[in-house]
Amino acid sequence: MTDPLVISTAFIIGLLGSTHCIGMCGGIAAAVAINTRSDGTRPILLLAGYNIGRISSYMLAGALLGLIGSTVATGTPGLILRTFAGLLLIAMGLYVSQWWTGLIRLEKLGGHLWRHIQPLASRLMPVKTLPQSLLLGMAWGWLPCGLVYSTLLWASAAGSWQQSGLLMLGFGLGTLPAMLATGLLAQQIRQFMQKRWTRRVAGLLLIAFGIYTLPLMGFFHTFH
């Protein structure tokens, strides 16, 4: 499953979903950069540290779910898992486009874990050192996010924990351009990414990826 095309798909999902990431994580990325604005190099280093930590958490979560998913990745359970993943990607596209916000309910489920992590993240602010930024990114990577949850479920059907972690790396790298740009040019990038047409184009493409993920032919074949 982890051929270059699929890894590219993970990257593109992250890139398209950046319109959502800016709303969820853009503020913290901007705060990391603003704290050291007087130094021309440190904001970039701290933002890099924050994003490395964030993507590392995505990879860890992907590996953990991939370990579980590898036990049901074949046969009917695997088809059901991929179908559910595709439906979640479609829901994410509707969410990004602001046509339907039902995915917020899924994000609320992750709030139970986030309540335990948020105090740690708060103690790491304001960020002044690279280790701080890495730890903050690792903590923030567990922020309840429908886009991450949708992609995690999709990645969990990869067949192994290594492949799932690799797909989440691709996804995280896809979110990186917008997150770095938001940290350095917060207001300008936020305005562009939050435009209605930007969100709708991104949402439509996510919906297309979700439909492509649905193993409809294989699923129906199982029952005939």
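# A walk through an all-helix model

Let's start in a loop: Pro126 sits in the stretch between α6 (111-123) and α7. What is the peptide bond from Met125 to Pro126, cis or trans? In this predicted model the bond is cis, with omega near -5°. Keep that spot in mind, since the helix that comes after this loop, α7, turns up again below.

Now step back to the whole chain. The protein has 12 helices and 0 strands, so reading the elements from the N terminus on simply gives α-α-α-α-α-α-α-α-α-α-α-α. Of its 224 residues, 48% count as buried. Contacts reach a long way along the sequence, too: among those in the protein with a separation of 6 or more, 83% are between residues 24 or more positions apart.

Before going into detail, a word on confidence. The mean pLDDT of the protein is 79, and 79% of the residues reach 70 or more. Where is confidence highest, and where is it lowest? The top goes to helix α7 (residues 130-140), at a mean of 91, and the bottom to helix α12 (residues 216-222), at 45. Residues 37-41 also have a pLDDT below 50, and this stretch makes 3 contacts in the model beyond near neighbours in sequence. Over residues 217-224 pLDDT again stays under 50, with 7 contacts beyond four places in sequence. Where pLDDT is low, the predicted coordinates should not be read in detail.

On to the packing of α3, beginning with its partner α7. The two axes come within 6 Å and cross at roughly 35°, and α3 passes α7 in a right-handed crossing. On the α3 side the contact involves Leu45, Leu46, Gly49, Tyr50, Ile52, Gly53, Arg54 and Ser57. Facing them from α7 are Leu130, Ser133, Leu134, Leu136, Gly137, Met138 and Trp140. By class, this contact splits into 9 nonpolar, 5 polar and 1 charged residue.

Gly137 is a good place to zoom in on this contact. The residue lies in α7 and counts as buried because its relative accessibility is 0%. Which residues does Gly137 touch, leaving out those up to four places away in sequence? They are Tyr50, Gly53, Arg54 and Ser57. Gly137 and Tyr50 are 87 residues apart in sequence, yet their C-alpha atoms are 4.2 Å apart in space.

From the other side, look at Arg54, which has its place in helix α3. Is Arg54 buried or exposed? With a relative accessible area of 0%, Arg54 is buried. Leaving aside neighbours within four places in sequence, Arg54 is in contact with Gly137, Met138 and Gly141, and also with Gly172, Thr175, Leu176 and Met179.

Helix α3 (residues 42-69) has a second partner to look at, helix α8 (residues 146-156); here the axes are 8 Å apart and the packing angle is about 45°. That angle makes α3 oblique to α8. The crossing of α3 past α8 is right-handed. Tyr58, Ala61, Gly62, Leu65, Gly66 and Gly69 of α3 make the contact with Val148, Leu152 and Ser156 of α8. Sorted by class, the contact of α3 with α8 has 5 nonpolar and 4 polar residues, and no charged ones.

Next comes α4 (residues 75-96), the helix in which Gly93 is found. Gly93 has 0% relative accessibility, so it counts as buried. What does Gly93 touch, not counting residues up to four places away in sequence? The answer is Gly203, Leu206 and Ile207. Another long-range pairing shows up here: the C-alpha atoms of Gly93 and Ala208 are separated by 8.5 Å, while the two residues are 115 apart along the chain.

One last stop is Gln98, in the loop between α4 and α5 (104-109). What is unusual to check here is the backbone: phi of Gln98 is near 65°, a positive value in a residue other than glycine. Gln98 is exposed, because its relative accessible area is 52% and the cut-off for exposed is over 50%.

Technical notes:
Residues are numbered from 1 along each chain as its sequence is written. This is a predicted model: local features need pLDDT of at least 70, side-chain atom pairs count only at pLDDT 80 or more; totals for chains, interfaces and linings use all residues. Side-chain values use heavy atoms; hydrogens and water are left out. Axes are lines fitted to C-alpha atoms, for helices over the stretch in contact, and angles run from 0 to 180 degrees between N-to-C directions. Helices (H or I, at least four residues) and strands (E, at least two) are DSSP runs, numbered from the N terminus. Angles under 35 degrees count as roughly parallel, over 145 as roughly antiparallel, 65 to 115 as roughly perpendicular and the rest as oblique. A crossing is left-handed if the near helix is turned anticlockwise from the far one by less than a right angle, and right-handed if clockwise. Contact means heavy atoms within 4.5 Å. Ala, Val, Leu, Ile, Met, Phe, Trp, Tyr, Cys and Pro count as nonpolar, Asp, Glu, Lys and Arg as charged, and the others, Gly among them, as polar. pLDDT is the predictor's confidence in each residue, from 0 to 100. Buried means under 20% relative accessible area, exposed over 50%, partly exposed in between (1.4 Å probe, protein chains only).
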